[in-house]
Structures are given as structure tokens and as C-alpha cells.
Amino acid sequence: MAFAQSINGGLRRIPAWTIYIVGVIYAGWEFWRALNQMGPYLVEPINVLERSYGEVALILLVAGLAVTPLRKWSGVNLIKFRRAIGVTAFFYVLAHFLVFAILDVQSVSRVWEEIVKRPYVTVGMASFLMLIPLAVTSNNLSIRKMGAGAWRKLHKLAYPAAVLGTIHYLWLVKGFQLEPIIYCVVVLGLIATRYVPWERQRQPA
């Protein structure tokens, strides 16, 4: 626990808004690299950028789901960063969608065709739509207006949204790839911890 307390002490000095700054800077950096076809963006920069934003969004969704189990198991407290992680995750999902809609298919009618015709796009869009009310209500005013209980129930949409996000990724890749499978297992495992009783019991000396 001393190690966790040391980490928590350091985390208290870091403001939560730094996550927003880092998220925006990284998104801009990746867009600039794609625009100039640098590094992995040399071939098919739009598809690579679309995939890159989606993967970052998935990583952040996993990070958000991991906050509570991490605190329970290790004592490391990232609660103050959870809202920023969630909102930044939505920002990357939105960026992922905009690259797909504006730069890739380039047509509202074609976006709808892709949603209807391709199951992995349908699943991804469902995940995106679930995240919209979470992003809109990720503020103290919404908690006061809705009440803490209703707000917490609404934000449980993060669970199916994360699951659908991993299915979207799994369906998207071609052939057998380990990475999307790992995401699926991790997300399902983190969600499962919410429904497993956790009690710290002290054994008698």
C-alpha cells in the first residue's frame, strides 16, 4: 500500500485537464503525419489515420473501465481522471467517425449505405451513438439535474459501448489477429469485475 500511496501522491499534483491537452495534441500530430504521409501513413494515409484514432479510442475506453478495478486491487486511485479519460475517448471516436465519413466515403448517402450494408460499421455506429449521451452529460451540472442515481445508470452505457467497440475492431480486421481478441477479453474481464463481490477481509492473527 505504501507504493500505491506514493503513486497517488504524485497523481494529486497532475491536473485532470492535462489528459485533454495531450489527447488533442496527439490527434493533431497524427493528422499532420497523415497529411504529409509520414511513417505509417506513407500508404493509404486515410485508412491508417481512421484506424489509429479508433485504436486510441479503444485504449482510452479500456483505461476508463480499469479505473475502479485498479483502485480496488492495488489502491492506485485514478478516479479524478476518469471523466477526462471518457471524454477524450469520445473525442477520438468522433475523430474516427469523421475521418471515415468525410475523408473516406465522402458522402452522407454512402455513410448510410455502409452502416446498413456492413455489419462491422453497424456495430461501430451503435457504439458511437451510445457514447454521445455519456459525453454530453459528463459534467457536474448534468449530475445535479439528473440525480446521481440516474446519472450512474446512464453511464453504464459505457459497458455495452466498449463491448461493441471491441466487436467492431474484431470484425474489421482481416484474418486471425491477436490484438482485437485481447481487447475483447480485457473489456469483458473488466466489466465482469463490476458484478463480482469484492470484500477485503482481514484474517485473524
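**Exercise 1. Salt bridges**

Find how many salt bridges the whole structure of this predicted model contains, and identify the residues that form them.

*Solution.* A search of the whole structure gives two salt bridges. The cut-off to apply is 4 Å between a side-chain nitrogen of Lys or Arg and a carboxyl oxygen of Asp or Glu.
- Step 1. Arg 33 pairs with Glu 30, with 3.3 Å between the closest N and O atoms.
- Step 2. Arg 118 pairs with Glu 114, and here the closest N and O atoms are 2.6 Å apart.

**Exercise 2. Setting of each pair**

Decide where Arg 33 and Glu 30 stand relative to each other in helix α2, and whether Arg 118 is buried, partly exposed or exposed.

*Solution.*
- Step 1. Helix α2 covers residues 17-35; Arg 33 and Glu 30 are three residues apart in it, so about one helical turn separates them.
- Step 2. An α-helix has 3.6 residues a turn, so residues three or four places apart point the same way.
- Step 3. Both Arg 33 and Glu 30 are buried.
- Step 4. Arg 118 has 32% relative accessibility and therefore counts as partly exposed.
- Step 5. Its partner Glu 114 has 9% relative accessibility and so counts as buried.

**Exercise 3. The two sides of helix α1**

Determine which residues of α1 (residues 2-12) are buried and which helices they pack against.

*Solution.*
- Step 1. The buried residues are Ala 4, Asn 8, Gly 9 and Leu 11.
- Step 2. Viewed down the axis of α1, they fall within an arc of 160 degrees, so they line one face of the helix.
- Step 3. These buried residues pack against α3 (45-74) and α4 (79-105).
- Step 4. Ala 2, Phe 3 and Ser 6 are exposed, on the face of α1 turned away from its buried side.

Terms used:
Residues are numbered from 1 along each chain as its sequence is written. This is a predicted model: local features need pLDDT of at least 70, side-chain atom pairs count only at pLDDT 80 or more; totals for chains, interfaces and linings use all residues. Side-chain values use heavy atoms; hydrogens and water are left out. Helices (H or I, at least four residues) and strands (E, at least two) are DSSP runs, numbered from the N terminus. Buried means under 20% relative accessible area, exposed over 50%, partly exposed in between (1.4 Å probe, protein chains only). The arc is that of the directions from the helix axis to the C-beta atoms. Contact means heavy atoms within 4.5 Å.
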